[in-house]
Every structure is written in C-alpha cells, then in structure tokens.
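Let's look at a protein model together and ask how its labels are earned. Have the structure open as you read.

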Amino acid sequence: MDNDLTRLANCAEALLGRLENLLPAPPAPVDWQATLAARWQVLPGKRRALVPIAHPQRLDLDDLQGIDRAKAALDRNTRQFLAGAPANDALLWGSRGTGKSSLVKALLTRHAAAGLRLIEVDKDHLIDLPDIAAATAGLPYRFVVFCDDLSFGSDEPAYKALKVALDGSVSGGREHLLIYATSNRRHLLPEYQEENALTRHVGEEIHFAEAVEEKIALSERFGLWLAFHAFDQDRYLGIAQHWLAQLGCRAPMEHWREEALRWALSRGSRSGRSAYQFARDYAGRLALEAAP
C-alpha cells in the first residue's frame with residue numbers, strides 16, 4: 001500500500017511539473033518609472049500578479065466641479081502621504097456619478113511626478129493585500145490601492161479581510177500604501193429595517209443589534225470619510241457649462257439649458273457624469289452641424 005501511494009504521489013508530482021511548463025510565464029515586474037497604474041489580477045494557474053495598465057485614464061483635478069470640499073480633503077491627505085507624514089485610508093461614498101472614482105484618478109494625474117502610483121484591486125482580491133504590500137515594498141514610490149464601487153452582500157466573508165487590512169495588520173507595516181475605496185453605501189453592507197427592531201435599552205444605555213454594529217465597524221476603520229451628494233440644478237448646469245467650454249462650445253446657457261435639464265431627467269440623475277455626457281452630445285451635434 002505504501003509503495004502504491006508513493007508511486008501515485010510521484011506520478012502526480014510529475015504531472016504537475018508538466019502542467020506548470022505549459023502555463024504562460026509570469027509577467028515581468030512592473031516598471032513603475034514608466035507605469036503610473038497597475039491592476040492586481042489572477043493569472044492562469046491561479047497565480048496573482050501586478051499587470052500594468054497601458055493607458056490609464058488621465059483626468060485633471062480642476063475639471064472636477066461641485067465637490068470642492070471632498071477634493072481639498074483627499075488632495076491634502078494624499079500630499080501628507082507623499083511627504084511621508086501620517087495619512088488615512090479613505091472611503092468616498094454617496095450618489096452615483098458625482099465624481100468619486102474620478103477624484104482618485106485625477107489625484108494620480110496631479111501627483112504622479114511626486115511618486116504617486118495607483119493599484120486597482122477587485123474587492124474579492126483584497127485578501128491579497130499582504131502580497132501587494134510585499135510586491136511594492138522598498139520602492140521609491142507611494143501606492144494607493146484603489147477599490148472602486150465597493151460593497152458586500154450580507155453573507156460575503158470578504159469584508160473581514162478588509163477590516164484586518166484597515167486595522168494595519170497586513171503582515172507588517174504598509175507605510176508605503178494607502179487604501180482608497182468608493183461606494184454608493186456609507187456602511188458598505190446592506191441595511192434592513194428589522195435590524196432596528198433588535199435595538200434594546202439597558203438602563204439609560206442603548207444597545208444596537210450586532211448586525212448593525214458589524215456594518216458600522218467596517219466603514220469606521222477608514223480614517224477619512226468623504227460624502228458625495230446629488231447635485232442641485234444650478235450646480236448641474238454649472239458643470240455642464242464647464243464641460244461645454246472645455247469642448248470649445250461657448251453657446252450661452254439659454255441656448256441649451258432646457259435640453260440639459262431634459263437630459264438629466266431622462267437619466268433620473270443630476271450628476272457630474274450626466275452633465276459631462278450632455279456636454280459631449282451637445283458640443284458634438286453643434287460641430288456636426290457646422291461641418292461643411
């Protein structure tokens with residue numbers, strides 16, 4: 001029996017060796033001098049590695065309108081980080097299309113020359129943060145791990161890995177690495193009415209349901225919370241006017257105001273994204289009409 005098991009183990013090892021030879025070679029280490037952003041990816045054979053993003057989206061910080069308070073706070077936090085001073089992980093939460101992910105990308109454009117680099121990570125791969133920290137340690141750059149549109153279902157265990165990372169337990173220090181996440185949810189997990197019914201009073205003290213405490217505990221581990229709220233009409237029109245000017249269209253507002261409002265109404269959102277999309281549509285139509 002022992003000889004049979006030994007032969008079986010040897011055959012399995014030989015087979016694995018042949019299969020490994022068929023797998024693509026692991027990618028070369030990222031050249032961060034030439035690369036501003038990379039993505040943490042699962043490769044064939046379940047290997048994980050940083051893969052350069054050839055053409056990251058370049059956004060100008062000055063083009064982000066209507067979010068001045070959040071923009072100033074995250075820019076200051078990022079400059080502290082680049083200077084080697086204490087800085088916080090950040091959660092950008094709020095209405096869709098209000099510039100959360102655009103702000104993170106614009107900060108990369110603004111501070112790339114000062115050594116800032118960006119690593120996109122899917123929420124399911126946050127458990128690999130120790131590997132990401134190790135892969136970027138000792139380099140003359142500062143890294144923002146960017147997790148876009150972060151949220152968890154009520155039965156997903158992945159948020160525990162994020163809690164551990166935010167507590168600073170990523171197998172050693174990560175002074176060279178911060179986490180910036182965006183979400184439509186303030187507490188990242190779904191909240192239900194029945195959870196409020198579990199709140200109880202003990203003397204003068206209020207005890208919340210453990211499920212509610214768990215949801216709040218995750219988001220509270222981000223040192224910096226930045227809220228992004230839906231734009232009012234005037235702000236939406238101002239953003240549309242800014243983008244029209246950027247696209248070379250100087251038409252007065254009375255010429256396009258009603259169209260812009262109908263555009264927002266058709267999408268159910270007065271957001272920066274819808275204002276940008278309207279501006280591109282309107283400026284493009286004018287350019288086509290003016291063409292010979």
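Q: What makes up the lining of the largest pocket, by class?
A: In this predicted model, that lining has seven nonpolar, 12 polar and eight charged residues. Gly counts as polar here, so Gly97, Gly99 and Gly272, which are among the residues nearest the centre of the pocket, belong to the polar class.

Q: Which elements give two or more residues to the lining of the largest pocket?
A: They are helix H3 (100-111), strand S6 (177-183), helix H8 (233-246) and helix H10 (272-290). The space in this pocket is about 540 Å³.

Q: What makes Arg69 a lining residue of the second largest pocket?
A: A lining residue has an atom within 4 Å of a point of the pocket. Arg69 is one of the 15 residues that line this pocket, so it has such an atom. Helix H2 gives the most to this lining, with four residues.

Q: Why do S3 and S6 count as paired strands?
A: Two strands pair if at least two bridges are found between them. Four bridges join strand S3 (residues 90-94) to S6, so they count as a pair. The two run parallel, and Leu92 stands opposite Thr182 in S6.

Q: Why are S2 and S9 called edge strands?
A: The open sheet has seven strands in the order S2-S1-S4-S5-S6-S3-S9. Strand S2 (47-52) and S9 each pair on one side only, which is what makes them edge strands.

Terms used: Residues are numbered from 1 along each chain as its sequence is written. This is a predicted model: local features need pLDDT of at least 70, side-chain atom pairs count only at pLDDT 80 or more; totals for chains, interfaces and linings use all residues. Side-chain values use heavy atoms; hydrogens and water are left out. On a 1 Å grid over the protein atoms alone, a cavity is a set of points where a 1.4 Å probe fits but cannot get out, and a pocket is an open set with protein on both sides within 12 Å along at least five of seven lines; lining residues have an atom within 4 Å of a point. Grid points are joined across faces, edges and corners, and a volume is the space filled by probe spheres set on the points.
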